[in-house]
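Subject: Structure handover

Hello,

I am passing this structure on to you. Please have it open while you read.

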Amino acid sequence: MPHLSWTPNAEVSPQVPFVPPRSILLVDPEANDRERYARYLRERGFAVCACGSYEEGARSLKAKHYDMVIVDQGGPAFEGEFVLQLSMARNRKVPVLVLARHCDMPAYLEAMQVGAVDYLEKPVDPETLMWTIGTHLPSCSWFNSKLAG
């Protein structure tokens, strides 16, 4: 019978199941804002699909499931409402966050009535963005680490 030896390794830890990154659809025609928010979210482990037009965002929303949608309001005409409505029609359980360059009360009220979970005025600081996402995606590891720490 062969002699088997085993040396304990202090580095061994219980198996942790792989959890894929949470996916976020980010729709913002303003390139600087879109790139800044997308980079920030990716650095925190989110899989981000960043779209530069509402039409591109709608196509992406029709093609794939996302855990959350972040859409720019656009102007006072609330051009981003189409993406919000489409997301609500596909799955009301997917939270939609609306970002606005200038807070517009009629657009805010419309967004909330259609089903947005929150409405934030730009520029959104990273901490506020992460707390808002964590509130609506409670299994988000960043949010849980902040609660634990």
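Below is what was found, taken strand by strand and then contact by contact.

One point before the details: this is a predicted model.

**Strand β3**

Start with β3, residues 68-72. Its 5 residues are buried, 5 of the 5, so the strand is largely enclosed by the rest of the structure. Look at the two sides of β3. M68, I70 and D72 point one way. V69 and V71 point the other way. All of these are buried.

β3 has a partner in β1, residues 23-27. The two strands pair in the parallel sense, over 4 bridges. To find the register, look for L25, which stands opposite V69 in β3.

β3 also pairs with β4, residues 96-100. These two run parallel as well, joined by 4 bridges. Here D72 has L99 of β4 as its bridge partner. The path between β3 and β4 includes helix α3, residues 81-90. Together, β3, α3 and β4 make a right-handed β-α-β unit.

**Strand β4 and on to β5**

β4 is buried too: 5 of the 5 residues, so it is largely enclosed by the rest of the structure. Both of its faces are covered. V96, V98 and A100 are on one side, with L97 and L99 on the other.

β4 pairs with β5 in the parallel sense, again over 4 bridges. In this pairing, the bridge partner of L97 is D118 of β5. Another right-handed β-α-β unit is found here, made of β4, α4 and β5.

**Salt bridges**

The count comes to 9 salt bridges. Three of them are described here.

First, D67 and R22. Their side chains meet in a salt bridge, 3.4 Å from N to O. D67 lies in the loop between α2 and β3, and R22 in the segment before β1, so the pair ties together parts that are 45 residues apart in sequence. D67 is buried, with a relative accessible area of 19%. The cut-off for buried is under 20%.

Next, K122 and D28. Their closest N and O atoms are 2.5 Å apart. K122 sits in the loop between β5 and α5, and D28 in the loop between β1 and α1, so this salt bridge ties together parts that are 94 residues apart in sequence. Both K122 and D28 are buried.

K122 also forms a salt bridge with E30, with the closest N and O atoms 3.8 Å apart. E30 lies in the loop between β1 and α1, and K122 in the loop between β5 and α5, so the pair ties together parts that are 92 residues apart in sequence. How accessible are the two ends? K122 is buried, at a relative accessible area of 5%. E30 counts as partly exposed, at 30% relative accessibility.

These residues belong to a wider group. D28, E30, D33, R36, D72, R101 and K122 are linked in a network of salt bridges. D72 is the β3 residue whose bridge partner in β4 is L99.

**Cysteines**

How many disulfides are there? The count comes to 0. C51 is in no disulfide. The nearest cysteine sulfur is that of C49, 3.9 Å away. A disulfide needs the sulfur atoms within 2.5 Å, so this pair does not count as one. C51 is buried, with a relative accessible area of 1%.

**Aromatic rings**

The count comes to 1 aromatic pair. Y108 and Y119 form it, edge-to-face. The rings are 5.3 Å apart, centre to centre, with 85 degrees between the planes. Y108 lies in helix α4, residues 105-114, and Y119 in strand β5, so the pair ties together parts that are 11 residues apart in sequence. Is each ring residue buried or partly exposed? Y108 counts as partly exposed, at 30% relative accessibility. Y119 is buried, with a relative accessible area of 8%.

One more ring contact to look at: R36 lies over the face of Y37, at 5.2 Å from the ring centre. R36 is also one of the residues in the salt-bridge network.

Best wishes

Terms used:
Residues numbered from 1 in each chain as written. Predicted model: local features only at pLDDT ≥ 70, side-chain atom pairs only at ≥ 80, totals over all residues. Heavy atoms only, no water. Buried < 20%, exposed > 50% of the residue type's maximum accessible area, 1.4 Å probe, protein only. Pairing = 2+ DSSP bridges. Right-handed = clockwise from strand over helix to strand, strands pointing away. Salt bridge = Lys/Arg side-chain N within 4 Å of Asp/Glu carboxyl O. Phe/Tyr/Trp six-rings, centres within 6.5 Å; stacked < 30°, edge-to-face > 60°. Lys NZ or Arg CZ within 6 Å of the ring centre and 35° of its normal.
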